[in-house]
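Colleague: I would like to learn how to read the interior of a structure such as this one. Could we go through it feature by feature?

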Amino acid sequence: MVSSDAPSSGVPLVVGKISVPPRRAGTVSRRRLTDVLGEGTPLVVVVASAGWGKTTLLTDWAHTVAGEGGTAVAWLTLDEADDEPSRFWTYLVSAIRMADGTLGEAALAALRVPEVDPLEVAVPALLNDLATRPGRLAVVVDDLHVIRDRWIHEGLEFLLAYLPPGARLILAGRSDPPLPLARLRARGELTEIRAADLRFTADEARPLVAAVSRRGPQRNELPEDVVEEVVTRTEGWAAGLKLVALALRGAPGRPPDPAGPVDDDRHVVDYLTAEVIEGLAPEQRDFLLRTSVLDRLAGPLCDFMLERRDSVRILAELERADLFLVTLDTRRTWYRYHRLFREALVRELRATRASEEPALLRRAASWHRSAGDREGAFRCLVAAGDPVAAGELLADSDDDFLARGALGTLLRLADALPPEVVRASPKLGIAIAAAAAFTGRLDRVAPMLDAVDSTLTDDSPPPAGWHSARAAAATLRTVYVNPGEDAAQTLGLARRAVALESDPTRQGWVISRVALGSVLSGMDHDDEAAQLLGDAVGRATAVDLPTFSRLQATGLLAVSKFKSGKVEEVRRLLRTALPEAARMEDALGVAAAPAIAYLRLAEGFLLHLDGDVPGARAVLARAADLAVATGHPSQSVRALTARAEAELAGGDRRAAAAALSEADEIMRAEPVLPGVAAALRSAQARIGRGAVALARRDGALVEQLTERELTILRALQGPLNRREIGAELYLSVNTIKGYTKSLYRKLDADSRPEAVRRGRQLGLI
């Protein structure tokens with residue numbers, strides 16, 4: 001992995017996950033429930049354990065409203081692999097684009113830049129698109145219970161808080177989503193469908209049991225009392241009804257004792273084994289047992305794994321037989337087994353052919369790898385009990401995950417590896433640390449580098465594009481492990497990385513020098529910084545450095561040259577770089593921030609120097625927004641300080657004070673490099689720390705604050721910085737930033753002190 005900030009081609013999508021599932025033959029329409037789904041609350045939750053018919057109900061409703069027109073339906077089916085913010089939001093935005101192709105383009109562009117947090121750019125961009133869309137849009141998210149990542153839950157709460165009137169969220173899963181349901185319920189903004197509502201009545205059960213059992217009531221093969229007995233004994237549980245109906249196929253007499261809706265699934269699995277699996281034809285039974293090791297099935301995959309050629313035919317037969325096989329796309333290429341059915345199959349496989357499972361999984365891993373699906377190959381190797389091979393695959397795949405915008409997925413996959421496997425492979429540890437750094441999980445960078453430090457040697461295999469593994473690790477520490485906390489130590493580490501990375505034909509040679517140049521510039525050693533950065537930029541094209549990284553290095557060089565008085569050289573640099581930066585910004589918007597923030601800062605410096613104060617104010621305001629979006633403290637404080645200087649020159653002390661207040665807030669939360677801190681203190685001395693107490697504003701709020709915004713406003717009164725407020729509220733700092741932006745807008749405030757003063761004036765706190 002050589003660079004964090006090149007925009008990727010995007011997470012490869014399984015189209016079936018973002019399409020409304022096909023309506024299954026024999027589906028029973030349940031008007032009493034579809035009418036409830038049609039109610040206009042912003043949030044609908046459909047919550048019940050496995051087998052209650054949640055997906056079937058939502059699928060039927062989605063096809064019904066699509067046929068009626070007036071409501072567009074976006075659909076996302078989740079699985080455990082989606083428990084990562086960038087992947088989750090990429091799928092959700094893509095699902096919305098499937099429903100309406102005019103939505104989500106800017107959000108998807110932002111999601112292709114690993115370093116930009118989804119809540120910083122992508123989710124606000126999506127909300128802006130939704131706000132301009134006429135008509136109604138329902139966004140269905142199925143199997144939400146598989147999501148455990150709190151950043152995703154925070155993002156969903158944020159999305160729901162600012163969802164425009166024409167849009168609705170419908171969330172289905174086996175447990176309540178961690179959202180403020182009680183508050184929404186009290187406000188009448190929540191519709192709920194739970195197990196008690198999903199129970200089949202006798203009238204609803206009759207056509208279901210008749211269709212599955214193939215004992216049609218028209219021939220008096222399914223007496224009324226049999227249906228009522230089945231409903232009573234299953235308590236209207238959809239899966240129980242289907243199990244009994246399967247057992248009734250061709251079997252005379254009364255139905256066998258069905259499994260009821262119990263918390264412990266073992267009874268259900270026993271029933272499936274005894275009444276369904278044991279009664280299958282030998283070929284079907286063999287196929288089902290051996291393919292149960294797979295999360296998802298396709299004909300070519302099953303053929304390769306089982307060394308046969310007729311899997312497509314068998315899958316089609318199983319689907320026609322209604323044997324708990326769920327199709328995942330309209331072309332019927334990919335399938336999965338119902339969870340309880342798969343559990344029964346796996347249990348039977350392990351009881352009768354346990355030795356086959358690892359070999360089957362290894363063959364499946366080979367198929368996935370040859371198909372370019374390294375994630376699927378990794379999961380199969382882990383399931384086969386071969387974490388060493390899985391770790392080797394992951395270490396060799398970091399550039400592939402980067403190119404696909406899936407570094408968060410790499411990080412999540414690595415969690416499945418035993419610590420000793422990671423410690424034994426410095427290359428793997430560096431790849432994981434880089435993935436953590438580039439996706440904003442900075443708390444994981446130092447521990448991962450520490451874990452492999454004892455096994456890292458001069459002979460350790462380096463990451464792709466690097467001459468030295470030690471240099472790659474040192475560069476990561478330089479940039480991402482609190483560079484402002486101990487500037488002298490950071491500087492020494494950066495110099496060591498440059499000394500180790502001695503091959504100028506490698507990208508690592510350029511990247512290590514950019515990292516050292518950044519530290520030197522932040523310590524006001526601008527002449528040395530400019531020399532190093534000039535060397536790096538001069539080699540960037542030769543080593544095929546990604547455009548993002550090249551523009552970032554050029555911006556750093558321009559800032560360093562400006563600070564060291566080489567103004568004409570800065571002009572020459574910008575004449576070449578700014579048109580390319582403008583094209584990138586047009587394509588990506590704020591998501592281009594990591595590449596162009598320094599270039600915009602240098603442009604603003606020149607405009608200010610040339611006396612174009614209005615132009616400088618506009619450009620530096622944009623530079624500050626871009627820098628803050630990157631999340632890098634020193635870069636953010638430097639740009640905000642420059643903006644404050646320009647605002648002061650333009651006579652707007654209020655805007656200047658607001659920029660300084662935001663810079664001070666960032667510096668209190670994160671250490672910054674000493675030169676950056678000194679520039680901020682100097683600006684504060686000139687503008688005045690008390691300048692934030694500005695003109696009083698009267699009048700009431702135009703738009704009411706949400707409960708979450710009020711909570712944050714109360715916290716802003718105290719001494720805690722944004723990171724500490726987030727810790728108190730169990731929210732990430734980027735979530736706090738998102739709510740704070742909305743809070744400031746509603747209060748017509750530009751800074752934290754002004755927001756607090758305005759809140760007190762209005763009696764909110």
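Modeller: What follows covers the cores, the cavities and one loop residue of a predicted model.

Colleague: Which residues have the most contacts inside the largest nonpolar core?

Modeller: A nonpolar core is a set of buried nonpolar residues joined through side-chain atoms. Here the largest one has 232 residues, and those with the most contacts inside it are L43, L159, L169, Y337, L394, L476 and L601. Helix α31 (residues 593-609) gives this core its largest share, 11 residues. A second, separate core has 23 residues, including A62, V73, W75 and W237.

Colleague: What is L394 in contact with, beyond its neighbours in sequence?

Modeller: Leaving aside residues within four places, L394 contacts F378, F401, L410, L413, A414, L417 and L428.

Colleague: How many cavities of 30 Å³ or more does a search of the whole structure find?

Modeller: A cavity is space where a probe fits but cannot get out. The search finds 5, and the largest holds about 60 Å³. Its lining divides into 5 nonpolar, 3 polar and 2 charged residues; among them are W89, D117, W151, E154 and N734. At least two lining residues come from each of α3 (85-99), α6 (150-161) and α38 (733-747).

Colleague: Is N721 buried or exposed?

Modeller: N721 has a relative accessible area of 5%, and so counts as buried, the cut-off being under 20%. N721 sits in the loop between α36 (707-716) and α37 (722-729). A polar atom of the N721 side chain lies 3.0 Å from the backbone nitrogen of R723. Not counting residues up to four places away in sequence, N721 touches E665, R668, A669 and R752.

Methods:
Residues are numbered from 1 along each chain as its sequence is written. This is a predicted model: local features need pLDDT of at least 70, side-chain atom pairs count only at pLDDT 80 or more; totals for chains, interfaces and linings use all residues. Side-chain values use heavy atoms; hydrogens and water are left out. Helices (H or I, at least four residues) and strands (E, at least two) are DSSP runs, numbered from the N terminus. Buried means under 20% relative accessible area, exposed over 50%, partly exposed in between (1.4 Å probe, protein chains only). A polar contact is a pair of N or O atoms within 3.5 Å; within protein, one must be able to donate a hydrogen and the other to accept it, and residues adjacent in sequence count only if both atoms are side-chain atoms. Contact means heavy atoms within 4.5 Å. On a 1 Å grid over the protein atoms alone, a cavity is a set of points where a 1.4 Å probe fits but cannot get out, and a pocket is an open set with protein on both sides within 12 Å along at least five of seven lines; lining residues have an atom within 4 Å of a point. Grid points are joined across faces, edges and corners, and a volume is the space filled by probe spheres set on the points. Ala, Val, Leu, Ile, Met, Phe, Trp, Tyr, Cys and Pro count as nonpolar, Asp, Glu, Lys and Arg as charged, and the others, Gly among them, as polar. A nonpolar core is a set of buried Ala, Val, Leu, Ile, Met, Phe, Trp, Tyr and Cys residues joined through side-chain atoms within 4.5 Å.
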